[in-house]
Amino acid sequence: LKADKLIMFNEEEGILNSEEQLLSELLARDAQELVDEMDDQDSTKAALKACVDAVRAGVPRAHLISYNENGGLIRELFTREGAGTMVDEDSYEQLRPASIDDVGGMMALLAPLEEKGVLVRRSRELLENEIERFIVVERDGAIVACAALYPFEEELSGELACLAVSPAYRGSNRGERLLKGIELAARKQGLSTLFLLTTRTAHWFIERGFIAGSDSHLPVKKQALYNFQRNSKIFIKHLR
C-alpha cells in the first residue's frame with residue numbers, strides 16, 4: 001500500500017512507563033522489548049505488535065491511540081503534540097543523556113552559534129561541570145544536537161537552554177525530539193513550567209506552545225542574572 005503510517009485504536013491512551021506517564025514515542029526495538037514482556041491476554045500487546053510489524057515492514061511510523069478519547073485521531077493528525085504513542089523505525093540516531101566523553105563534540109556543535117551571539121559562550125570546564133544537565137542526539141558516533149535543562153525547584157520551573165542542531169542535520173525534527181526530551185525530564189523532576197531566553201527563532205517556540213513573558217516571570221535567581229544588554233526574549237510553557 002506504500003502507507004505513510006498505521007493507526008491502531010486501543011482501549012488505553014498509549015504505552016505508559018513504570019511511573020504511569022505516557023510515552024509519546026518508541027523506537028521499534030524498544031517497542032518489541034515491551035511486546036515480549038507483555039501478557040498474551042493484554043489487548044495492548046496485539047496492537048503494539050502490529051505497530052512494530054508494520055514499521056519493520058517499511059511503514060515509516062505507526063500510532064497507538066485510544067478509542068476512548070474524544071477527538072484523539074484529530075489531535076494526532078492535526079496538532080504538533082499528537083496523541084497516544086508513536087512507534088518509529090529503528091534509527092542510527094540516539095537521544096540520550098550527555099556524558100563527559102561528549103564534551104568535545106558539543107563544543108564543536110556550539111562554537112559557531114556562540115560566535116554569532118546566538119548562544120552564550122560556555123567553556124569546556126563549564127560544560128564538564130554541567131554535563132548532567134544536557135541531553136544529546138548522537139548519530140554514527142557524532143553529536144549532532146544538544147539541549148540542557150536547568151531546574152529551579154523552589155518555583156517548580158526549569159530553563160531550557162543551549163538547544164542546538166548541527167546545520168547539516170536540520171529539518172528532520174531533531175529540535176522537536178530534544179524539546180520533548182527536555183519536557184519529559186522536567187516532568188520527572190516535578191517541574192510545572194519551562195522557560196527560555198532567546199535572541200532568535202522565537203516563532204519556532206511559539207509554534208510549540210510557548211508564550212511570550214517578561215523578566216518578572218523568571219525565577220528570582222534567574223532575574224538576578226538576566227542580561228538586559230542581550231535583549232533576550234523570554235518565553236514560557238506550562239507543562240501538562
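**A tour from lysine 237 to the H1–H2 helix pair**

Begin by selecting lysine 237 and glutamate 183, whose side chains make a polar contact at 2.6 Å. The model is a predicted one.

Keep lysine 237 selected and add arginine 208. The backbone oxygen of arginine 208 lies 2.8 Å from a polar atom of the lysine 237 side chain.

Next, display strand E13, residues 233–238, as a ribbon; lysine 237 lies within this strand. Is lysine 237 buried or exposed? Its relative accessible area is 12%, and because the limit for burial is under 20%, lysine 237 counts as buried.

Now show the surroundings of lysine 237. Setting aside neighbours within four places in sequence, the residues in contact with lysine 237 are Glu183, Ser192, Thr193, Leu194, Arg208, Gly209 and Phe210. Glu183 and Arg208 in this list are the partners already selected.

Move then to the helices. Select H1, residues 28–37, together with H2, residues 43–56: the two pack with their axes 9 Å apart, at an angle of about 150 degrees. H1 is therefore roughly antiparallel to H2, since angles over 145 degrees are classed in that way. The crossing of the two helices, H1 and H2, is left-handed.

To inspect the contact itself, show side chains on both helices. On the H1 side, select Ala28, Arg29, Ala31, Gln32, Leu34 and Val35; these meet Lys45, Leu48, Lys49, Val52, Val55 and Arg56 of H2. Colouring by residue class, one finds that the residues of this contact between H1 and H2 divide into 7 nonpolar, 1 polar and 4 charged.

Note on methods. Residues are numbered from 1 along each chain as its sequence is written. This is a predicted model: local features need pLDDT of at least 70, side-chain atom pairs count only at pLDDT 80 or more; totals for chains, interfaces and linings use all residues. Side-chain values use heavy atoms; hydrogens and water are left out. Helices (H or I, at least four residues) and strands (E, at least two) are DSSP runs, numbered from the N terminus. Buried means under 20% relative accessible area, exposed over 50%, partly exposed in between (1.4 Å probe, protein chains only). A polar contact is a pair of N or O atoms within 3.5 Å; within protein, one must be able to donate a hydrogen and the other to accept it, and residues adjacent in sequence count only if both atoms are side-chain atoms. Contact means heavy atoms within 4.5 Å. Axes are lines fitted to C-alpha atoms, for helices over the stretch in contact, and angles run from 0 to 180 degrees between N-to-C directions. Angles under 35 degrees count as roughly parallel, over 145 as roughly antiparallel, 65 to 115 as roughly perpendicular and the rest as oblique. A crossing is left-handed if the near helix is turned anticlockwise from the far one by less than a right angle, and right-handed if clockwise. Ala, Val, Leu, Ile, Met, Phe, Trp, Tyr, Cys and Pro count as nonpolar, Asp, Glu, Lys and Arg as charged, and the others, Gly among them, as polar.
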